[in-house]
Amino acid sequence: MKKLPDERGYFGEYGGKFVPETLINALEELERAYRAFQKSRDMKNELKNLLINYAGRPTPVYFAANLSRKTGVEIFLKREDLLHTGAHKLNNTIGQGLLSRFMSKRRLIAETGAGQHGVATATVAALLGMECTVYMGSVDIERQAPNVARMKLLGAEVIPVESGSRTLKDAINAALRDWVKNVRTTHYCLGSVVGPHPFPMMVRDFQSVIGKEAHAQMRKQWGGDPDFVVACVGGGSNAAGIFSGFLHLTKIKLIGVEAGGYGNAPGEHSARMRKGRRGILHGCITYLLQSDDCQVLPVHSVSAGLDYPAVGPEHAFFKDNEIVEYVRCSDKEALEACLMLSKLEGIIPALESSHALGYVLSKRKKFKGARVLVNLSGRGDKDMDIIRKETRI
Amino acid sequence: MKGYNGLYLMGNFPDPEAFVEASNAGLAFFDFLEVGVPFSDPVADGPVIERAAGKVLAKGYRAEDIFASIEKIACPPGKKIYIMTYANQVFARGNGAFATMMKRSGASGIILPDVPSVERARFENDFARYGIDLVRFITPESTHEQIQNAVPGARGFVYCISIRGITGSALVLDAETKRKIVYARKYSSAPVVLGFGIRDAHSARIALEHADGFIMGTRAIEKLESDGVSGLQGFLKEIAMALAE
Ligand SMILES: Cc1ncc(COP(=O)(O)O)c(C=O)c1O
């Protein structure tokens, strides 16, 4: 298969650069810097060194023996929850932080939903001595309070976003507006495989370390390839990262799990692949949850990181070409998985990651006897308030 | 009024009747009208226009309703109505369907602030078939090469975004941007019109010193909201008098 995206930033019909003209040269500058980065041994070594000695890579693949015994499914967990700051997001922000320094942009801005990407950006800003501003919807500020405190401690300014649904989508709007104003001095450190080209490509590449490691670990430590690789899909960066290590093996089935929320009506879920249709939001053509008047619909998920009405353009391409199967996991199933993993394995997963596991557990008959690799994209400390409220612990 | 100037109003804001009246009042002074078709996520707009869009959507108005109102505007010969909306409104409906609605309403140009030059072709060619002009942009970030590519084939007018920023910001024209405007005017057969940050006669005069015209938006929406159609009319008249030829 040809390497995607093409030179215009398209994955088949999806992707592109639908942003104000003012940002076009900044996107081109970023792409040039990224190409230079890919060719520079020094920069690649610096990234590698930070990933190993600062972030804690490689993260292990753990065989969840108790859970496997209980369910009759062989479940392996890629432990991104053990990465510094507690989620896969840091793989991307270290890369973009170095790129930003290379472009002599000393101010990072970011959007965040669950707060994990905000924390990961604030962390890199602290490490590289950069200024950092994080936009976060006020609904998310409330439900992910521990991460707000962490960002502030790390020296970032957290700006509440009060427009629209006051969640991730609106935080991206606010960050884009900031970027248009400050494009000369600021790098927009986008947190997932969404937005205009080159972000979907670049973030995927920075996250591909997950898949590369997991593929080797399965073969070396765990007796061979998995039958299934399962990841949750918010924007789609942890999924794109782990899938990239297995795309060349057509026998392995790849499954992306969206937030099914608590119902099928608009505003009760974030199932873009099931209920969305082609649209343009935040810079790219992709599947979008929209009304018949082509307005972006409200979305819901118990997890702030999956609560987004669009999805990365490469995932839209994967769906149409049946390269990945996209499924749903409800709020309730995700919470049950979260509790079960905590009790049986002593691992408290993020509610986002709980969706990937929740799908496998709720469909355990389908997976009976199979080897299933689940990307445990993050840890659940940030979600303790919600977990406590929802489960009355 | 001196120059080739546009007035931005949000479709059906504050209500359909007042919108049509305000449009007619505006067309007495301005050469073209720019009508916002609201989108839920207007990333190029500041809080005033975003709020106006939100109010129109909250009342349940759809693009079709906005076009029904536009049809009622008495657009004098030689003057023109442009639509300003976001790419998804057009893309998700289909270019042909959107262009048909526009045509029927009497609008003959469109401004899509999240469609930059590199993505222009997929819209421009389809719209041209309906005789609708897709407006091209230059910005403070544009290189000479980009200006040279954008400007010669431009139809209607060239939208010069005055600042790095969103609608409703203050106008600050730096020397580099002024040079770019001079350069664009040299190559353009269409008027080069300055938008973003024009709030009063003073900023309009600055725009006219450098460009062929200006577009006023945020301030007009504020006036319409606070003082009604007659308040807006009075305000526009004062500006027109201050800028009389
Ligand atoms: C732990 C965790 N997993 C997954 C996600 C979803 O993002 P993505 O789909 O880009 O991996 C988030 C986002 O905030 C997250 O914090």
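## A helix across the sheet of chain B

In this predicted model, helix α8 of chain B, which spans residues 175–187, lies across three strands of chain B, namely β6, β7 (158–161) and β8 (192–195), and runs at about 150° to β8(B). The strands that it crosses belong to an open sheet of nine strands in chain B, whose order is β5-β4-β3-β2-β1-β9-β8-β7-β6 and whose pairing is parallel. The edges of this sheet are formed by β5 (133–134) and β6 (136–138) of chain B, each of which pairs on one side only; β6(B) is thus named both as an edge strand and as one of the strands under helix α8(B).

Elsewhere in the sheet, strand β3 of chain B (residues 80–84) runs parallel to strand β4 of chain B (residues 109–111), and three bridges join the two. Within this pairing, B:Met84 has B:Ile111 of β4(B) as its bridge partner.

## The antiparallel sheet of chain A

Chain A contains an open sheet of four strands with antiparallel pairing, in the order β1-β2-β12-β11. Because β1 (10–11) and β11 of chain A stand at the edges with a single partner strand each, one side of each is left without a neighbour in the sheet.

The edge strand β1(A) is joined to β2(A) by two bridges, and the two strands run antiparallel. A:Phe11 has its bridge partner in β2(A), where A:Tyr14 takes that role.

## The interface between chains A and B

The contact between the chains takes 36 residues from chain A and 39 residues from chain B, and the area buried between them is about 3100 Å², of which carbon and sulfur atoms give 50%. Across the interface there are 27 residue pairs in polar contact, counted where both residues are at pLDDT 80 or more. On the side of chain A that touches chain B, at least two residues each are supplied by β2 (14–18), α1 (24–39), α8 (168–181), β11 (277–281) and β12 (283–288) of chain A. The largest share of that side, seven residues, comes from α8(A), and its residues as a whole divide into 14 nonpolar, nine polar and 13 charged.

Seven salt bridges are counted between chain A and chain B. One pairing across the interface is that of A:Arg184 with B:Glu141, whose side chains meet in a salt bridge at 2.9 Å, N to O.

## Salt bridges in the whole structure

Over all chains, a search of the whole structure finds 48 salt bridges. Within chain A, A:Asp307 forms a salt bridge with A:Arg143, and the closest N and O atoms of this pair are 2.6 Å apart. The pair links distant parts of the chain, 164 residues apart, since A:Asp307 is placed in the loop between β12 and α12 (313–320) of chain A and A:Arg143 in helix α6 (residues 138–143) of chain A.

## Backbone exceptions in loops

Most residues other than glycine have a negative phi, and most peptide bonds are trans. Against that background, the peptide bond from A:Arg57 to A:Pro58 is cis, with omega near -5°, and A:Pro58 has its place in the loop between α2 (41–54) and β3 (61–63) of chain A. In chain B, the peptide bond from B:Phe13 to B:Pro14 is cis as well, with omega near 0°, and B:Pro14 is found in the loop between β1 (6–10) and α1 (16–29) of chain B.

A positive phi, near 75°, is found at A:Thr85, a residue other than glycine. This threonine, A:Thr85, lies in the loop between β4 (74–79) and α4 (89–102) of chain A.

How values were computed: Residues numbered from 1 in each chain as written. Chains lettered and ligands numbered in written order. Predicted model: local features only at pLDDT ≥ 70, side-chain atom pairs only at ≥ 80, totals over all residues. Heavy atoms only, no water. Pairing = 2+ DSSP bridges. Contact = heavy atoms within 4.5 Å. Axes fitted to C-alpha atoms, helices over the stretch in contact; angles between N-to-C directions. Buried area = accessible area lost by both parts, 1.4 Å probe. Salt bridge = Lys/Arg side-chain N within 4 Å of Asp/Glu carboxyl O. Polar contact = N/O pair within 3.5 Å; in protein donor to acceptor, adjacent residues only side chain to side chain. Nonpolar A, V, L, I, M, F, W, Y, C, P; charged D, E, K, R; others polar.
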